[in-house]
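User: Please take a close look at the charged side-chain pairs here, and then show me how they sit among the elements around them. I am new to this, so please explain each term as you go.

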Amino acid sequence: MAENSDSCGTSNRERDSSFLPICWSDDIRMGFLLADFRSRTINPESYDNKLRFWKDLVTTYCLFQGSSVVSLIHLKDAFRRKSIAPQCLITVFDQMLKNGELLPKDQFLEPATSSGWGMKWTFERVRRRMIGISESEEFVVQTVAEQHGQMIQRTIECDGLFDKLINYTKLVKIVVQSTNIIEEGIRPALKLLENARRLTIGNIVRGNQTHEVIKLAQPTVEVHSISYIERCIYELEQSELDLNQNISKTEQAIANIMEQIRTHIQEGHKQSAKSLLKKKHLLENSIQSKINSLENLQQLLSRIHETQQNIGILEAFKLGSITLKKTFADSGLNIHTVENTLMEMRDVLEENKEIQNMIATVTVDDSDDLDLEQELGSLIDIAFKENNLCIAKDSQDLTPANQTNDLDAEILKRLEDLQVNNSGLHSPLTN
């Protein structure tokens, strides 16, 4: 993100006071907060609240500025209110140093593997306790550096640059354009990522130039050291970039020569135009040679990347095979268990089939069924005869009105007396 400045060189970000708390406009409150700390024994709660206020404000300011690097002299100027600089920051810095929230920049960025690193840091801490903190000494606010590290990881993820070598200059450009982190705040964030084994930094020498390169690992994965193949791929990609830039410059040179040739022709300087034309042909031959080299290099890079992808696919196949084998082993699933299970299932099905057949062949003794049918037929015949008799007498008004209904009730009663548990063998009688 670009940062505009006024004629005095003060950035718009520094002039912006939006990071300041609401109480900044309260003269009484700020008079207390800007003053030096009293002894904590007088009022421990007030002391701790004031300390927490300044710690939070320092963190907020660093996030707003885009850098975790601070110094006393810088913060006194940034927090100056009505020409009054805060007198309490020395105590805030001292407490943050004791708690590990603030770390000396030079020692923080120094490689932990360097000779005498631990002894030197211990010596500096003792020296600082004796003579105090220098106002110009720079420190790193660790919580801010951690947040910047997370922002850098998200940026790298969005650009698809995990597990790839990135030139440090290119990384700075990407981060500055994508976040509010300034270049000064990038180094501390990268150092924390390196300490957490999420990032590795190396140097690659090409000709007379040394390229500082960065490699970030995928999330939740520790980074591996830069391999020989990765170095070779980086150099090939840089050669591709150099060729592209060289071709662009040559094309621009040809365009400039053509302009000069037109000018000489207009002015009648044919010999000069002819000389420039020869130079143009030489450049065109040169550019064609470079284009051929670029195409060959791109094909080579494409095959290398394809091979890398195939290696990744093969590793995925191996992992899948191992996982499947482990799943079989954990569950006890194999050919023998499957065969035994299927055989048991066949036996159970056969047994069930035999049971069903046995149930279907059960016979019921229905010797009394014929007698019942004969008695039922006799009752029905009697019913028909009596019914006809009622119809014959009906014309002479000799039959009572309810005689037919009594006959029906009597038949139904007798039928109910004949019911037996043969519902599964005979269908019910319907009128």
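Analyst: A good place to begin is arginine 81, which forms a salt bridge with aspartate 27, their closest N and O atoms being 2.5 Å apart; a salt bridge here is a side-chain nitrogen of Lys or Arg within 4 Å of a carboxyl oxygen of Asp or Glu. The two partners come from distant parts of the chain, 54 residues apart, with arginine 81 in the loop between α4 (72–78) and α5 and aspartate 27 in helix α2 (residues 27–34). Helices (H or I, at least four residues) and strands (E, at least two) are DSSP runs, numbered from the N terminus.

This is a predicted model, in which local features need pLDDT of at least 70 and side-chain atom pairs count only at pLDDT 80 or more, while totals for chains, interfaces and linings use all residues. Residues are numbered from 1 along each chain as its sequence is written, and side-chain values use heavy atoms, with hydrogens and water left out.

Arginine 81 counts as buried because its relative accessibility is 9%, whereas aspartate 27, at 44%, counts as partly exposed. In these terms, buried means under 20% relative accessible area, exposed means over 50%, and partly exposed lies in between (1.4 Å probe, protein chains only). The pair also belongs to a network of salt bridges that links Asp27, Arg81 and Lys82, and a search of the whole structure finds 15 salt bridges.

Another of them joins glutamate 138 to lysine 105, with the closest N and O atoms 3.2 Å apart. This pair, too, links distant parts of the chain, since glutamate 138 is in strand β3 and lysine 105 in helix α6 (residues 105–109), 33 residues apart. Glutamate 138 is partly exposed, with a relative accessible area of 32%, but lysine 105 counts as buried, at 17%.

Strand β3 leads us to a sheet, where three strands form an open arrangement in the order β1-β3-β2 with antiparallel pairing; two strands pair if DSSP finds at least two bridges between them. Its edge strands, each pairing on one side only, are β1 (69–71) and β2 (102–104). Neighbouring strands of this sheet are turned by 45 degrees against each other on average, direction ignored. Helix α5 (residues 89–98) packs on the sheet and touches β1, β2 and β3, its direction making about 90 degrees with that of β2. Contact means heavy atoms within 4.5 Å, and axes are lines fitted to C-alpha atoms, for helices over the stretch in contact, with angles running from 0 to 180 degrees between N-to-C directions. Between β1 and β3 (residues 138–141) there are three bridges, and valine 70 has phenylalanine 139 in β3 as its bridge partner.

A salt bridge within one helix makes a useful contrast: the side chains of glutamate 259 and arginine 262 meet at 3.3 Å, N to O. Because they are three residues apart in helix α11, about one helical turn separates them. Glutamate 259 is partly exposed at 48%, and arginine 262 is partly exposed at 42%. Helix α11 (residues 228–267) itself lies across β4, β5 and β6, running at about 55 degrees to β5. Those three strands form an open antiparallel sheet in the order β4-β6-β5.
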